[in-house]
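Q: I am new to this structure and would like a close look at a single part of it. Please take me through that part slowly.

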Amino acid sequence: MAKLSQPEFDEGLEKLAAELNTLESPEIEMAILQVPIDEDRRIGSEKSPMELIKYFAKRLLAVIDDIPFTDHEKGRIYHAAGKYGEAEHFYKEAFEKDSNLYRNLGELYVEMEIPAKAAQHYEEAIEKGVREAHYYLGRICLARREYNYAIRCFFHTIGQDIDEGYFGLGETYAKLYCLKKDDESVFKDAVENLKEAERLKVKGAAFVLGKLYYERVIDLIHSQEGDVKASMNPTEFVTLAQKYFIKAVAEGSSEANIFLNILSWYSEPAEMK
């Protein structure tokens with residue numbers, strides 16, 4: 001039987017535990033170690049975190065009925081192993097028993113590329129009193145370009161003091177601005193909400209805000225003579241875009257670096273204040 005080295009085992013188990021929020025029992029660790037694996041199956045540093053998670057989850061399937069997992073834990077293990085039908089079954093069982101265990105089933109439907117079922121599930125969670133589900137329903141509506149519905153969902157989220165609501169609302173207005181670049185009120189609403197999300201340290205807000213200012217720069221550069229925006233100086237927005245892309249890089253966004261390189265064509269990189 002092929003064996004994992006101790007560092008490989010520790011790394012894989014740690015990543016699986018972080019993904020599943022379980023596996024703290026020594027009994028489970030022993031179960032993973034004892035499950036036979038193919039001789040030609042190699043796990044090493046070249047494997048991505050998700051590949052390691054899937055690998056260890058598949059090993060757990062051989063003993064899943066021998067360990068007292070909850071329905072929710074079983075759903076997460078099947079999900080991680082790529083067994084979507086079984087994952088859906090156990091997620092539904094868990095949700096029926098505890099409506100607060102709602103997120104994973106919605107995420108599964110998104111991963112399966114059936115957002116309509118995800119939206120239906122989040123609506124059911126809201127009906128059961130899970131108000132936080134408004135945020136995830138808003139994300140689905142935003143992805144489906146149902147902007148008015150998304151805005152209503154994110155306003156509900158802000159009313160529940162969930163910081164991500166500002167991010168969702170700002171991102172929705174930013175999408176609308178890209179469609180209607182003559183609507184200054186939409187631009188201002190996007191900036192206001194994204195700045196609030198960035199102030200609250202919602203990850204991703206700095207990048208979307210930088211991209212919004214970048215869109216404004218491009219819009220001003222290509223504005224027609226006689227257009228009221230043609231008299232605006234894009235330099236201010238270049239500086240603002242750079243500022244927030246620099247923050248996004250600090251959060252780990254590699255894409256923000258691409259935009260910084262593009263913006264360097266227009267001016268010198270801005271200093272962070």
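What covers the buried residues of helix H6?

A: In this predicted model, the cover over the buried residues of H6 includes H4, helix H5, which spans residues 84–97, and helix H7, which spans residues 115–127. Helix H6 itself runs over residues 103–111, and the residues buried in this helix are Asn104, Leu105, Gly106, Leu108 and Tyr109. As a general point, an α-helix has 3.6 residues a turn, so residues three or four places apart point the same way.

One of the covering helices can be followed down to a single residue, His72, which has its place in helix H4, residues 71–80. Because its relative accessibility is 17%, and buried means under 20%, His72 counts as buried as well. Leaving aside residues up to four places away in sequence, His72 touches Tyr91, Ala94, Leu101 and Asn104. Of these partners, Asn104 is also among the buried residues of H6.

Just after H6, the chain reaches Glu113, a residue that takes a positive phi of about 60 degrees.

Further along the sequence, another pair of helices may help with orientation: the axes of helix H8, residues 133–143, and helix H10, residues 164–179, come within 10 Å and cross at roughly 15 degrees. An angle under 35 degrees counts as roughly parallel, which is why H8 is described as roughly parallel to H10. The crossing in which H8 passes H10 is left-handed, and on the H8 side the contact is made by Tyr135, Arg139 and Leu142, while residues on the H10 side include Phe167, Glu171 and Lys175. Sorted by class, this contact of H8 with H10 has three nonpolar, three polar and four charged residues.

Note on methods. Residues numbered from 1 in each chain as written. Predicted model: local features only at pLDDT ≥ 70, side-chain atom pairs only at ≥ 80, totals over all residues. Heavy atoms only, no water. Axes fitted to C-alpha atoms, helices over the stretch in contact; angles between N-to-C directions. Helix = DSSP H or I, 4+ residues; strand = E, 2+ residues; numbered from the N terminus. Parallel < 35°, antiparallel > 145°, perpendicular 65-115°, else oblique. Left-handed = near helix turned anticlockwise from the far one by under 90°. Contact = heavy atoms within 4.5 Å. Nonpolar A, V, L, I, M, F, W, Y, C, P; charged D, E, K, R; others polar. Buried < 20%, exposed > 50% of the residue type's maximum accessible area, 1.4 Å probe, protein only.
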